[in-house]
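Me: I am new to this one and would like to go through it step by step. Could we look at the empty spaces first and then at how the helices pack?

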Amino acid sequence: MQSGLFGRPKRFLAWATSPQFIYCFSILLAIWLVTYGMVSREYQETVRDIEQNNDQLVRAYEEHVRRSLHAVEDQMMLIKAEYERAGVTPTIATIIRRAAPNPLILQILILNQAGQIVTSVLPGAPGDNFSDRSYFQAHVAADTQATFISEPIVGRITNKSAILLSRRINARDGGFAGVVVMAVESAYFSSYYQSMGLKSGQSLRLVGTDSIVRASSQSAEIGQTMRNSDLFDVHFPINKVASYYTTGYRFGTPRFFSYRTMPDYPLIVQIGIAAPVALAEYHTRRAFYLGAALVSSILVLLLTGFSL
C-alpha cells in the first residue's frame with residue numbers, strides 16, 4: 001500500500017526528468033513560442049496597416065472638406081466686401097447667380113442687422129427673421145474676423161438639413177450691419193465616402209470641436225453630440241491627430257478610428273473601420289498558424305512515444 005502510494009510520485013518524477021520528456025517538452029515549447037511570436041507580429045502589422053490606411057483616407061477627406069469650405073468662403077468674402085462697399089449691387093447679383101448652380105451651395109442669404117433678408121438665392125416668406133439663429137447671433141457682439149460654422153440646421157426656406165457658414169457685415173463705422181450666410185447641405189460632406197470607395201464596415205464623420213456631428217456616413221448621427229465618446233473624453237483633449245481603438249460606443253461594434261483636427265476650422269475629420277472587417281484576414285491567418293501548431297504538437301507527441 002505504501003509503495004503504491006509513494007511509488008507513483010517517484011515514477012512521475014522519473015518520467016518528467018527523462019531525456020525523452022525534456023526533448024518533447026522543449027520542442028512543444030519552441031513550437032508554441034514561435035507560433036505566439038508569429039501571431040503577435042501579424043496582429044501588430046495588421047493594426048499598423050489599418051492605421052496607415054485610415055490615416056491616408058482621413059487626410060484625403062480633410063483636404064476635400066478644406067477645398068469645399070474655401071470655395072464657399074471665397075464667394076462669401078466677395079459678397080461681404082461688395083456689400084460693405086456699396087450695398088446690394090449688380091456685382092453681388094452676378095456673384096450669387098454664378099454661385100447658385102454649384103451643388104455645394106444650397107442657399108445664399110444677406111441679412112440686415114435685424115435678421116431680415118436683404119437678398120437671397122431662394123426667396124423667403126414675408127416677415128422671415130433669422131436673428132435667433134446661431135449663425136446670426138455669433139456675429140452680433142463683435143467682429144471675430146472668422147467664419148462661423150453652424151451645427152446642422154433644417155432651413156426655414158429650403159427645409160433641408162444644412163451647415164451654414166456666415167461672416168459679419170460691418171457698417172462704415174465698424175458697427176454691426178448684418179451677416180452674409182451660405183448654406184451647404186450636410187449630405188454633400190456625408191456622400192464623399194462614395195467617391196472614396198469605402199468598403200463595407202468603413203465610416204466617416206465631420207465633427208465640430210463643440211462635439212456636434214456635421215456630417216456622417218451614418219445619417220442618424222448628423223446633428224447628434226459626441227460627448228461621452230472616446231474621441232472627446234479620451235483622445236481629442238490630448239491629441240489633435242491620432243489613431244485609436246474603441247469598443248463600440250457609437251456603432252455597437254469595435255472599431256479602429258483615425259482623426260485629424262483641422263487647423264483652419266473648428267472641425268475634426270474622422271475615418272473608421274469595424275474591427276471584424278479590418279481583422280478578417282488576420283483572423284484567417286491566425287487560425288492557420290494555431291492549427292499548424294496543434295498538428296505539429298500532436299505529431300511530436302506521437303513520434304516521441306506519448307499519447308494524448
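Reply: Certainly. In this predicted model, 13 residues line the largest cavity, and those nearest its centre are Tyr 135, Gly 155, Arg 156, Thr 158 and Leu 164.

Me: Which strands each supply at least two residues of that lining?

Reply: Two strands do so: S1, residues 107–112, and S5, residues 161–170.

Me: And how do the lining residues of the largest cavity divide by class?

Reply: There are 8 nonpolar, 3 polar and 2 charged residues in the lining of the largest cavity.

Me: How much space lies in the largest cavity?

Reply: The largest cavity holds about 120 Å³ of space.

Me: How many cavities of 30 Å³ or more does the structure hold?

Reply: The structure has 3 cavities of that volume or more.

Me: Now the pockets. How much space lies in the largest pocket?

Reply: The space in the largest pocket comes to about 220 Å³. The pocket is lined by 13 residues, and Thr 46, Ile 50, Lys 199, Val 277 and Ala 278 are the closest to its centre.

Me: Which elements give two or more residues to the lining of the largest pocket?

Reply: They are H2, helix H8 (275–278) and helix H9 (280–303). The most comes from H2, which gives 5 residues.

Me: What is the class make-up of the lining of the largest pocket?

Reply: The lining of the largest pocket has 5 nonpolar, 4 polar and 4 charged residues.

Me: On to the helices. At what angle do H2 and H9 pack?

Reply: The angle between H2 and H9 is about 175°, and their axes are 10 Å apart. H2 is therefore roughly antiparallel to H9, since angles over 145 degrees count as such.

Me: Which residues in H2 meet H9?

Reply: Among them are Cys 24, Ile 27, Leu 28, Trp 32, Met 38, Tyr 43 and Thr 46 in H2, which meet residues in H9 including Tyr 282, Arg 285, Tyr 289, Leu 294 and Leu 301. By class, the contact of H2 with H9 has 15 nonpolar, 4 polar and 3 charged residues.

Me: What about H2 and H3, at what angle do they pack?

Reply: Helix H2 (residues 19–86) packs with helix H3 (residues 90–99) at an angle of about 165°, and the axes are 9 Å apart. H2 and H3 are therefore roughly antiparallel to each other.

Me: Is the crossing of H2 and H3 left-handed or right-handed?

Reply: The crossing of H2 and H3 is left-handed.

Me: Which residues meet there, in H2 and in H3?

Reply: In H2 they are Gln 75, Leu 78, Ile 79, Glu 82 and Tyr 83, and in H3 they are Thr 91, Ile 92, Ile 95, Ile 96 and Ala 99. The contact of H2 with H3 divides into 7 nonpolar, 2 polar and 1 charged residues.

Definitions and conventions:
Residues are numbered from 1 along each chain as its sequence is written. This is a predicted model: local features need pLDDT of at least 70, side-chain atom pairs count only at pLDDT 80 or more; totals for chains, interfaces and linings use all residues. Side-chain values use heavy atoms; hydrogens and water are left out. Axes are lines fitted to C-alpha atoms, for helices over the stretch in contact, and angles run from 0 to 180 degrees between N-to-C directions. Helices (H or I, at least four residues) and strands (E, at least two) are DSSP runs, numbered from the N terminus. Angles under 35 degrees count as roughly parallel, over 145 as roughly antiparallel, 65 to 115 as roughly perpendicular and the rest as oblique. A crossing is left-handed if the near helix is turned anticlockwise from the far one by less than a right angle, and right-handed if clockwise. Contact means heavy atoms within 4.5 Å. Ala, Val, Leu, Ile, Met, Phe, Trp, Tyr, Cys and Pro count as nonpolar, Asp, Glu, Lys and Arg as charged, and the others, Gly among them, as polar. On a 1 Å grid over the protein atoms alone, a cavity is a set of points where a 1.4 Å probe fits but cannot get out, and a pocket is an open set with protein on both sides within 12 Å along at least five of seven lines; lining residues have an atom within 4 Å of a point. Grid points are joined across faces, edges and corners, and a volume is the space filled by probe spheres set on the points.
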